[in-house]
Amino acid sequence: APWLVKHLGWSSAYSAFLFIWFQLAFLVPSAVGASDWARRSLPPLVASLLLVGGVGVSRLGLWGFDLSVSQLLQERIDPPTARGSVLGVQKSLEAMWGTLAAFTSVMLPAPWQFQYLAF
């Protein structure tokens, strides 16, 4: 993301916008691969490749989005002395949602319940 901002002249906000749409676009095949329709209509290998491949490629969009948002926060938090507090709250919220996702996966352990975790 910083390379795109520097060499292509994009703003951090524009690169964040593009990266989040890149991630969402590549999550669509994952949703199709995890769907009940894919399990009934497609060969298991194709459904698995859609799911795993879509998630894998979409991580590039998430990586770029995270870098862009971090750069935006560092550039735009005013006064600079508040930067540590704001970024600390951001990290704690990220940790909370990660813990909630892990807890939900423990509460829905059966393979047939994975569709609820995917959406």
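1. Is Val106 buried or exposed? At 60% relative accessibility, Val106 counts as exposed, because the cut-off for that label is over 50%. Val106 sits in helix 5, which covers residues 83–107. Keep in mind for this and everything below that we're looking at a predicted model.

2. Val106 has company on the surface. A nonpolar patch there takes in Val89, Leu93, Met96, Trp97, Leu100, Phe103, Val106 and Met107. Put together, these residues offer about 840 Å² of accessible area. For the protein overall, the accessible surface is about 8,200 Å², and carbon and sulfur atoms own 73% of that.

3. On to the overall fold. The protein has 6 helices and 0 strands, so reading from the N terminus you get α-α-α-α-α-α. The radius of gyration is 18 Å, while the globule rule gives 14 Å for 119 residues; the value is well over the rule, so the protein is more spread out than a compact globule. Along the principal axes, the C-alpha atoms fill a box of roughly 55 × 35 × 15 Å.

4. Two more whole-chain numbers are handy. Buried residues make up 20% of the 119. If you take contacts between residues at least 6 apart in sequence, 59% of them join residues at least 24 apart.

5. Gln23 is worth a click. This residue is in helix 2 and is buried, with a relative accessible area of 13%. That label follows because buried means under 20%. Leaving aside residues up to four places away in sequence, Gln23 touches Ser58, Gly61 and Leu62. Helix 4 spans 44–76, in case you want to locate those partners along the chain.

6. Which aromatic rings pair up? The structure holds 2 aromatic pairs. Phe17 and Trp21 make an edge-to-face pair, at 6.4 Å centre to centre with 70 degrees between the planes. The two residues are 4 apart in helix 2 (residues 12–34), which puts about one helical turn between them. Phe17 is partly exposed, at 48% relative accessible area.

7. Phe22 and Phe26 give us another pair. Their ring centres are 4.8 Å apart and the planes meet at 55 degrees, so this pair is tilted. The angle doesn't earn the edge-to-face label because that one needs over 60 degrees. Both residues belong to helix 2, again 4 residues apart and about one turn of the helix. Phe22 is partly exposed at 30% relative accessibility, and Phe26 is partly exposed too, at 33%.

8. Now the charges. How many salt bridges does a search of the whole structure find? The count is 3. Helix 5 carries one of them: the side chains of Lys91 and Glu94 meet at 3.6 Å, N to O. Lys91 and Glu94 are 3 residues apart in helix 5, about one helical turn. Glu94 comes out as partly exposed, with 40% relative accessibility. As for helix 3, salt bridges with shared partners tie Asp36, Arg39 and Arg40 into one network.

9. Here are the details of that network. Asp36 bridges to Arg39, with the closest N and O atoms 3.5 Å apart, and Arg40 bridges to Asp36 with a closest N and O distance of 3.0 Å. Asp36 and Arg39 are 3 residues apart in helix 3 (residues 36–41), about one helical turn. Arg40 and Asp36 are 4 residues apart in helix 3, which is also about one helical turn. On accessibility, Asp36 is partly exposed at 37% and Arg39 is partly exposed at 46%, whereas Arg40 is exposed, with a relative accessible area of 63%.

10. Last one, on the backbone. Which residues does a cis peptide bond join? The bond is between Asp78 and Pro79, and omega is about 5 degrees. Most peptide bonds are trans, so do give this spot a look. Pro79 lies in the loop between helix 4 and helix 5.

Definitions and conventions
Residues numbered from 1 in each chain as written. Predicted model: local features only at pLDDT ≥ 70, side-chain atom pairs only at ≥ 80, totals over all residues. Heavy atoms only, no water. Patch = residues over 30% accessible without salt bridge, like charges linked within 9 Å, V, L, I, M, F, W, Y side chains within 5 Å. Areas by Shrake-Rupley, 256 points an atom, 1.4 Å probe, with all protein chains shown as cover. Salt bridge = Lys/Arg side-chain N within 4 Å of Asp/Glu carboxyl O. Buried < 20%, exposed > 50% of the residue type's maximum accessible area, 1.4 Å probe, protein only. Rg over C-alpha atoms; globule rule 2.2 N^0.38 Å. Contact = heavy atoms within 4.5 Å. Phe/Tyr/Trp six-rings, centres within 6.5 Å; stacked < 30°, edge-to-face > 60°.
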